[in-house]
Amino acid sequence: MTLTPALITRWAGVNPTDALVWSQVVLSFGMPFALIPLILLTHRQDLMGPLANRPVTTVTASVVAALVTGLNCIS
């Protein structure tokens with residue numbers, strides 16, 4: 001089942017490198033939708049208890065998420 005899209009792409013005559021690049025472009029648009037909720041949830045003390053992120057970790061993760069989101073917007 002997992003191999004089906006790769007086989008269809010290959011049988012259709014698509015260049016494997018082009019298919020890989022385009023799949024990564026599409027996947028990169030989903031990253032902010034995973035990173036932002038993750039940061040918002042892991043900094044909450046009431047939700048995570050003693051495992052909640054420290055402020056420095058939250059700020060660093062927020063900067064990285066903003067950078068990734070910004071790079072996706074300009075590319």
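So, to start: which residues are exposed on the other side of helix 4? Hold that thought while I set the scene.

What you see above is a predicted model, so local features need pLDDT of at least 70 and side-chain atom pairs count only at pLDDT 80 or more, while totals for chains, interfaces and linings use all residues. Residues are numbered from 1 along each chain as its sequence is written, and side-chain values use heavy atoms, with hydrogens and water left out.

Okay, helix 4. Helices here are DSSP runs of H or I with at least four residues, and strands are runs of E with at least two, numbered from the N terminus. Helix 4 covers residues 55–74, which makes 20 residues. At 1.5 Å a residue it should span 28 Å, and the C-alpha atoms at its ends are 28 Å apart, so the two agree. By the way, that expected span is 1.5 Å times one less than the number of residues.

Next, the burial words. Buried means under 20% relative accessible area, exposed means over 50%, and partly exposed is in between, with a 1.4 Å probe and protein chains only. In helix 4, the buried residues are T58, A65 and N72. They cover an arc of only 55 degrees around the axis, so they sit on the same side of helix 4. That arc is taken from the directions from the helix axis to the C-beta atoms.

And here's the reply to my opening: on the other side of helix 4, V56, V59, V63, L67 and I74 are exposed.

What do the buried residues of helix 4 pack against? They pack against helix 2, residues 16–42. Let's zoom in on T58, which is in helix 4. T58 counts as buried because its relative accessibility is 15%. If we skip its neighbours within four places in sequence, T58 is in contact with I39, H43 and N53, where contact means heavy atoms within 4.5 Å.

Two more residues in helix 4 are L71 and V64. L71 has a relative accessible area of 46%, so we call L71 partly exposed. L71 and S28 are 43 residues apart in sequence, but C-alpha to C-alpha they are 9.8 Å apart. V64 is partly exposed too, at 45%. The C-alpha atoms of V64 and L35 are separated by 9.2 Å, with their positions 29 residues apart along the chain.

Now over to helix 3, residues 45–48, where we find L47. L47 comes out partly exposed, with 45% relative accessible area. L47 and V21 are 26 residues apart in sequence, and their C-alpha atoms are 38 Å apart in space.

Time for charges. Side chains of opposite charge can pair when their charged atoms come close. How many salt bridges does a search of the whole structure find? The search finds 1, a salt bridge being a side-chain nitrogen of Lys or Arg within 4 Å of a carboxyl oxygen of Asp or Glu. D46 forms a salt bridge with R44, and the closest N and O atoms are 3.0 Å apart. D46 is exposed at 64% relative accessibility, while R44 is partly exposed at 34%.

Last stop, the surface. L3, L7, I8 and W11 make a nonpolar patch there, with about 470 Å² of accessible area together. Patches take residues with over 30% relative accessible area and no salt bridge, joining like charges within 9 Å and nonpolar side chains (Val, Leu, Ile, Met, Phe, Trp, Tyr) within 5 Å. The areas come from the Shrake-Rupley method with a 1.4 Å probe, and for residues only the protein chains shown count as cover.

Within that patch, I8 lies in helix 1, residues 4–11, and I8 is exposed at 51%. L3 is in the segment before helix 1, and L3 counts as exposed with 54% relative accessibility. L3 and M48 are 45 residues apart along the chain, and their C-alpha atoms are separated by 37 Å. That's my tour, thanks!
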